[in-house]
Amino acid sequence: MTANEPVLWSKLSTTEIRDAVQRAHATVIWPIGATEQHGPHLPVDVDHVLAASIAERVSARTGIPVLPTLPITSSWYWRGWPGTLSISAATLGAVLLEVCSGLAASGVRRLILLNAHGGNIPALMEFPDRASQAVPDLAVRVLHWWEASPRVTALANRDTAPGDGGYRVTHANVGETSLYMALDAGTVRLDRIDAEPDLDAVPRFYFRPTAEFSPNGVFGHPSGATPEQGRELLKIVIDDIVALTERAAAEMLADGA
Ligand SMILES: [Zn+2]
């Protein structure tokens, strides 16, 4: 089905949720955000806002209900930076799992975790299998927005690193900053970017704390960000995620649901 407005779980009554879930092939999207430093030029809610904004735009096109965004998640690699709030990967996994029983009771059979933060990847990687053991009727897909398609990945990371197994982080870079500008340009302060890291100097093989090669928490060259680039990237992200969800709606689960 199509809709013009997003279907927001938190704004519906219990009976409206039952009906909205049925109409959406028992599918919901859960935006997974973060509250963490994003350099001197962006607020700490970037991942929260991106996850929610992308999910709501997908919902407006598909009718898939959107759960309330999870705002504080596993921001271990920015620990110690003012503004960063974090829970452990184990806690994140437990929160996700415990919410799943409520989803199942609401008739949800397909859950898309729309993730906007790389630090959540360890917890999210094992989650679909854990969820299928705990709630056998629930099929889970983890989708990081920057991996919606190869063209999204290329655009999102065009100013950050490098092949050869090096760091490739979509964080406070030109892609993420432009996206935020497309949503809320007035909050972005490009004039506060005091330095941009030399990503050629980043270790390619061994892990090092991020603060060693990004002293202000920025990756890439966000000073080149513009709302136009953000709108272009946002459109592609939405188009490609909508296409994925439409293909997935036709996918039968093991019991024919
Ligand atoms: Zn971010």
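**Exercise 1.** In which sense do S2 and S3 pair, parallel or antiparallel, and over how many bridges? Then work out the order of the strands in the sheet.

*Solution.* Since the model is a predicted one, every step below describes a computed structure.

Step 1. S2 and S3 pair in the parallel sense, and six bridges connect them; at one position along this pairing, Leu113 stands opposite Val142 in S3.

Step 2. Turning to the other neighbour, strand S2 (residues 110-115) is joined to S1 by six bridges, and these two strands also run parallel; here Val28 is the residue that stands opposite Leu111 in S2.

Step 3. Taken together, the three strands form an open sheet in the order S1-S2-S3, with parallel pairing. Strand S1 (27-32) and strand S3 (139-144) are the edge strands, each of which pairs on one side only, and neighbouring strands are turned against each other by 20 degrees on average, direction ignored.

Step 4. As for its surroundings, S3 is mostly covered, with five of its six residues buried.

**Exercise 2.** Find which residues of H3 are buried and which face of the helix they line.

*Solution.* Step 1. Helix H3 (residues 89-105) has 17 residues and reaches 25 Å from its first C-alpha to its last, which is close to the 24 Å expected at 1.5 Å a residue.

Step 2. Ala89, Leu92, Gly93, Leu96, Cys100 and Leu103 are the buried residues of H3. Seen down the helix axis, these buried residues fall within an arc of 95 degrees, so they line one face of H3.

Step 3. That face packs against S1, S2 and helix H4 (121-134) through the buried residues of H3, whereas Ala90, Glu98, Ser101, Gly102 and Ala105, on the other side of the helix, are exposed.

Step 4. Just after H3 comes Gly107, which takes a positive phi of about 90 degrees.

**Exercise 3.** Determine which residues of the largest nonpolar core touch the most other members, and follow one of them, Val28, to its contacts.

*Solution.* Step 1. The largest nonpolar core has 66 residues, and those touching the most other members are Val28, Ile29, Trp30, Ile54, Leu113, Leu114 and Val237.

Step 2. Helix H2 (residues 46-62) supplies the largest share of this core, namely eight residues. H2 lies across S1 and S2, and runs at about 160 degrees to S1.

Step 3. When neighbours within four places in sequence are left aside, Val28 is in contact with Trp9, Val21, Ile64, Pro65, Leu67, Leu103, Val108 and Leu111. Among these contacts, Leu103 is one of the buried residues of H3, and Leu111 is the residue of S2 that Val28 stands opposite.

Notes
Residues numbered from 1 in each chain as written. Predicted model: local features only at pLDDT ≥ 70, side-chain atom pairs only at ≥ 80, totals over all residues. Core = buried A, V, L, I, M, F, W, Y, C linked by C-beta atoms within 7 Å. Buried ≥ 20, exposed ≤ 12 C-beta atoms within 10 Å, placed from the backbone. Helix = DSSP H or I, 4+ residues; strand = E, 2+ residues; numbered from the N terminus. Contact = placed C-beta atoms within 7 Å. Pairing = 2+ DSSP bridges. Axes fitted to C-alpha atoms, helices over the stretch in contact; angles between N-to-C directions. Expected span 1.5 Å × (residues − 1). Arc of directions from axis to C-beta.
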